[in-house]
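Please examine the sequence and the structure shown below before reading the report that follows.

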Amino acid sequence: MTISVILPAKNEAGGLDRTLPALTACMPGAEIIVVDDGSTDDTAAIAAAHGAKVLSSPYSMGNGAVIKRGARAAKGDILVFMDADGQHDPACIEALLAKLDEGYDMVVGARDWAGQAGVHRGAANAFYNWLASRMTGFDVKDLTSGFRVVRADKFREFIHLLPNGFSYPTTSTMAFFRSAYPVAYLPIPVAKRLGKSHIRPIRDGIRFLLIIFKIATLYSPLKLFAPTAGIFFLTALGYYGFTFATQGRFTNMSALLFSASVIVFLIGLVSEQITALTYRRDD
């Protein structure tokens, strides 16, 4: 099985100078692809100097777009995704590949609390992991980790679903769960990144909130819409009981809440069918 290592990089000259020599030493026969996401520093030059294949964008397209470009260009049967900022240790790749050989289609390097970029990011990721675990019935250790190995043919099935932004790990993981492709998690150490993070708290905080809804819609929309419809229905029932007991009548608000519960439930049913069509394969 041939291996391609894909590193998304935006102004990561310092990180690549440390990561690429270690990666070359650990994976001497692997194809190494650095996808330069419109960098303004020496990212492309340093990557090329270390013998990596460089794909450069004239402007920044986003982390997910970089991943898609790298996956399309890769020739390996196994794809390894890792950060170029020095956080991920190339020595861990061997353990991830060994886990993949046990029959999995994706193996994700799971960070512990110490490996999170701040308390707020750690708390957010813990919530995403909990929600994804509830949705899938599987113990999700790290939904947003960018350090993972996957079988190339399986990953490319879902490449059209991947966003251009930062939530490609979430999308790809939930797509694998939805399609019954086995996923495993392996604990990994995470070092402090070199350079400045490209995460912007306000803008990307809003995007990460949207991940919550993406988790549901990618896996099983009805698991989100059915409880929401139930809340509307119980609220309507309670409000109707209150108004009937105090005023002896059925109010417009009760009718609106009952209608909302039915509409939300029907939207969930339609979304469930759309999701099923999204993952349909015509072999």
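## Glu31 and the nonpolar cores

The side chain of Glu31 makes a polar contact with the side chain of Ser4 at 2.5 Å; a polar contact is a pair of N or O atoms within 3.5 Å, one able to donate a hydrogen and the other to accept it, and residues adjacent in sequence count only if both atoms are side-chain atoms. This is a predicted model, in which local features need pLDDT of at least 70 and side-chain atom pairs count only at pLDDT 80 or more, while totals for chains, interfaces and linings use all residues. Residues are numbered from 1 along each chain as its sequence is written, and side-chain values use heavy atoms, with hydrogens and water left out.

Glu31 belongs to strand 2 (residues 31–36), strands being DSSP runs of E of at least two residues and helices runs of H or I of at least four, numbered from the N terminus. Glu31 is buried (under 20% relative accessible area, 1.4 Å probe, protein chains only).

| Partner of Glu31 | Distance |
|---|---|
| Ser4, side chain | 2.5 Å |
| Lys75, backbone nitrogen | 2.9 Å |
| Lys75, side chain of opposite charge | 4.2 Å |

Glu31 has no salt bridge, a term for a side-chain nitrogen of Lys or Arg within 4 Å of a carboxyl oxygen of Asp or Glu.

The largest nonpolar core (buried Ala, Val, Leu, Ile, Met, Phe, Trp, Tyr and Cys residues joined through side-chain atoms within 4.5 Å) has 40 residues, of which Leu79, Phe81, Phe155, Met174 and Ile215 touch the most other members. Helix 8 (residues 201–219) supplies the largest share of this core, six residues. Another core, of 27 residues, lies apart from it and includes Leu7 and Leu23.

Technical notes
Buried < 20%, exposed > 50% of the residue type's maximum accessible area, 1.4 Å probe, protein only. Lys, Arg positive; Asp, Glu negative; His and termini not counted.
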